[in-house]
Amino acid sequence: ATLYYSRKSYSTAISCFEQVHPSDLDKKEYAQYFFHRAYAYFNIKKFDEAYPLFDQVTRMNNAYSADA
């Protein structure tokens, strides 16, 4: 998912992100997962999917909070 995200292939990245179980991620990966997934949705204009994920990121105390 991260590879597709970095290549700006957001639809493919989202498909991969949807296969990830967030509970398997450490704290840093967890925040990055939600931010990248939200940003990918945002870039393909799926705002209804993006905003709740951005909201979740802002509730975390991490490097992505300010950007969300």
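**Group meeting: helices α3 and α4 and the rings between them**

I'll start with what packs on helix α3: the cover over its buried residues includes α1, residues 2-6, α2, residues 10-17, and α4, residues 47-59. Before going on, please keep in mind that this is a predicted model.

Which residues of α3 are buried? They are Ala31, Tyr33, Phe34, Phe35, His36, Arg37, Ala38, Ala40 and Tyr41. Note that His36 and Arg37 are on that list along with the aromatic residues Tyr33, Phe34, Phe35 and Tyr41.

Now the geometry of α3. The helix runs over residues 27-43, which is 17 residues. At 1.5 Å a residue the expected span is 24 Å, and the end C-alpha atoms are 24 Å apart, so the two figures agree. At the start of α3, the backbone nitrogen of lysine 28 has a side-chain oxygen of aspartate 26 within 3.1 Å. At the other end, just after the helix, lysine 45 has a positive phi of about 65°.

Let me stay with that backbone angle for a moment. Most residues other than glycine have a negative phi. Lysine 45, which is not a glycine, has the positive value. Lysine 45 sits in the loop between α3 and α4, and its relative accessible area is 61%, so it is exposed. There is another case to put beside it. Lysine 8 also is not a glycine and also has a positive phi of about 65°. Lysine 8 belongs to the loop between α1 and α2. With a relative accessible area of 59%, lysine 8 is exposed.

Next, the rings. How many aromatic pairs does the structure hold? There are eleven. One of them is tyrosine 5 with tyrosine 39, an edge-to-face pair with 6.1 Å from centre to centre and 65° between the planes. This pair joins distant parts of the chain, as tyrosine 5 is in helix α1 and tyrosine 39 in helix α3, 34 residues apart. Tyrosine 5 has 13% relative accessibility and therefore counts as buried. Tyrosine 39, at 32%, counts as partly exposed.

Tyrosine 39 has another partner. With tyrosine 10 it makes an edge-to-face pair, with centres 6.2 Å apart and planes at 75°. Here too distant parts of the chain are linked: tyrosine 10 is in helix α2 and tyrosine 39 in helix α3, with their positions 29 residues apart. Tyrosine 10 is at 12% relative accessibility, so it counts as buried.

These pairs are part of a wider set. Ring pairs connect Tyr5, Tyr10, Phe35, Tyr39, Phe42, Phe47, Tyr51 and Phe54 into a cluster. Phenylalanine 42 is worth a closer look. It lies in helix α3 and, at 32% relative accessibility, counts as partly exposed. Leaving out residues up to four places away in sequence, phenylalanine 42 touches Phe47, Ala50, Tyr51 and Phe54. Phenylalanine 42 and tyrosine 10 are 32 residues apart in sequence, while their C-alpha atoms are 9.2 Å apart in space.

That brings me to helix α4. Its 13 residues should span 18 Å at 1.5 Å a residue, and its end C-alpha atoms are 18 Å apart, so expectation and model agree. Where around the axis do the buried residues of α4 fall, on the same side or on opposite sides? The residues concerned are Ala50, Leu53, Phe54 and Val57. They cover an arc of only 105° around the axis, so they are on the same side of α4. What covers them includes α3. On the face turned away from that buried side, α4 carries the exposed residues Asp48 and Arg59.

Finally, charge. Side chains of opposite charge can pair when their charged atoms come close. The structure holds one salt bridge. It joins arginine 59 and aspartate 55, whose closest N and O atoms are 2.9 Å apart. Both residues are in helix α4, four residues apart, about one turn of the helix. Arginine 59 is exposed, at 67% relative accessible area. Aspartate 55, at 35% relative accessibility, counts as partly exposed because the cut-off for exposed is over 50% and for buried under 20%.

Terms used: Residues are numbered from 1 along each chain as its sequence is written. This is a predicted model: local features need pLDDT of at least 70, side-chain atom pairs count only at pLDDT 80 or more; totals for chains, interfaces and linings use all residues. Side-chain values use heavy atoms; hydrogens and water are left out. Helices (H or I, at least four residues) and strands (E, at least two) are DSSP runs, numbered from the N terminus. The expected span of a helix is 1.5 Å times one less than its number of residues. Buried means under 20% relative accessible area, exposed over 50%, partly exposed in between (1.4 Å probe, protein chains only). Contact means heavy atoms within 4.5 Å. A polar contact is a pair of N or O atoms within 3.5 Å; within protein, one must be able to donate a hydrogen and the other to accept it, and residues adjacent in sequence count only if both atoms are side-chain atoms. Rings of Phe, Tyr and Trp (its six-membered ring) pair if their centres lie within 6.5 Å; planes under 30 degrees apart count as stacked, over 60 as edge-to-face and the rest as tilted. The arc is that of the directions from the helix axis to the C-beta atoms. A salt bridge is a side-chain nitrogen of Lys or Arg within 4 Å of a carboxyl oxygen of Asp or Glu.
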